[in-house]
Amino acid sequence: MDLMGRDSILQLRDMLQTAQPQDDSSDEEPSSSRPMANMGPADVGPKKKSEKTAPPPTAPNPPTKDIWDEEEVPTGAEYEDVLDPRPQPEYEVIFKQAVTSEDIFLQMGGKNMSTASCEDMVVKIKLPGHKSSEVELNVTDKFLDCRTPKYKLGLHLPHPVDGKNGRAQWVQDQDTLVVTLRMVRDLDFVNF
């Protein structure tokens, strides 16, 4: 059974041979006596063609606490309706867990502050100028769709949820819809 073809062996031989003839009279560079001494990670594989000149660097942005730029993060444009001009309302996603005194004071419950220990996901959607009767809400396992006459929100949820057994509450004073969803994960029996 031939694992390496003849060409592969010849390429390996050429790669292991030194590019410069060795001079035994020189003791200044002890690493030159080894055939791999002058090679680096970029020397492995075929030689790359030289690239065109790089664009001039732009002025640096002011320092922020953001991890990524807005251009680097796709916003799910494939699900966005281009013909619908309604803006996206303000919203926030909060993770909620049920804790007891054992979890807080004695730390015996095995829960921590990560989202892996949270049971519920709460989505707060601010819809100013609307009534609860104007809100259309549709929740699936991984997607939340909220529409009103003025706003439209299509939200990909960070964790799978139980879309059939959620709870929605309208807070009249704040014109906010609060959607509480039970998260469904494969390994929840390990965390709880």
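Let me start with D145, which is buried, at a relative accessible area of 15%. Keep in mind that what we have here is a predicted model. D145 sits in strand 4, residues 143-147. The cut-off for buried is under 20% relative accessible area, so the 15% of D145 falls on the buried side.

What does D145 pair with? D145 forms a salt bridge with R147, and the closest N and O atoms are 3.1 Å apart. R147 is partly exposed, with a relative accessible area of 28%. So in this pair the aspartate is buried, while the arginine is partly exposed. D145 also has a neighbour to mention in passing: H156 is eleven residues away in sequence, and the C-alpha to C-alpha distance is 8.9 Å.

How many salt bridges does the model have? The count comes to two. One is the D145 and R147 pair I just described. Another is between D120 and R182, with the closest N and O atoms 3.2 Å apart. D120 is in strand 2, residues 120-126, and R182 is in strand 7, so this salt bridge ties together parts that are 62 residues apart in sequence. As for accessibility, D120 counts as buried at 13%, and R182 counts as partly exposed at 43%.

Now the overall layout. The protein chain has three helices and seven strands. Going along the sequence, the pattern reads α-β-α-β-β-β-β-β-β-α. The chain has 192 residues, and 19% of them count as buried.

Next, the cysteines. How many disulfides are there? The count is zero. Are C118 and C146 buried or exposed? C118 counts as buried, because its relative accessibility is 4%. C146 also counts as buried, at 2% relative accessibility.

On to the surface, with two patches to show. The nonpolar one is formed by V99, I104, F105 and L106, and together these residues have about 440 Å² of accessible area. Take F105 as the example. F105 lies in helix 2, which covers residues 101-106. Its relative accessibility is 67%, so F105 counts as exposed. The cut-off for exposed is over 50%.

The charged patch is negative, and its members are D66, D69, E71 and E72. Where is D66 in the chain? D66 lies in the loop between helix 1, residues 6-16, and strand 1, residues 91-96. D66 counts as exposed, because its relative accessibility is 58%.

One backbone item before I stop. Which sign does phi of D175 have? Phi of D175 is positive, near 50°, and this is in a residue other than glycine. D175 is found in the loop between strand 6, residues 167-171, and strand 7, residues 176-182. Strand 7 is also where R182 sits, the partner of D120.

To recap on the charged residues: D145 and D120 are buried and in salt bridges, whereas D66 is exposed and part of the negative patch. On the nonpolar side, F105 is exposed and belongs to the patch with V99, I104 and L106.

Technical notes:
Residues numbered from 1 in each chain as written. Predicted model: local features only at pLDDT ≥ 70, side-chain atom pairs only at ≥ 80, totals over all residues. Heavy atoms only, no water. Patch = residues over 30% accessible without salt bridge, like charges linked within 9 Å, V, L, I, M, F, W, Y side chains within 5 Å. Areas by Shrake-Rupley, 256 points an atom, 1.4 Å probe, with all protein chains shown as cover. Salt bridge = Lys/Arg side-chain N within 4 Å of Asp/Glu carboxyl O. Lys, Arg positive; Asp, Glu negative; His and termini not counted. Charge placed at Lys NZ, Arg CZ, Asp CG, Glu CD. Helix = DSSP H or I, 4+ residues; strand = E, 2+ residues; numbered from the N terminus. Buried < 20%, exposed > 50% of the residue type's maximum accessible area, 1.4 Å probe, protein only. Disulfide = S-S within 2.5 Å.
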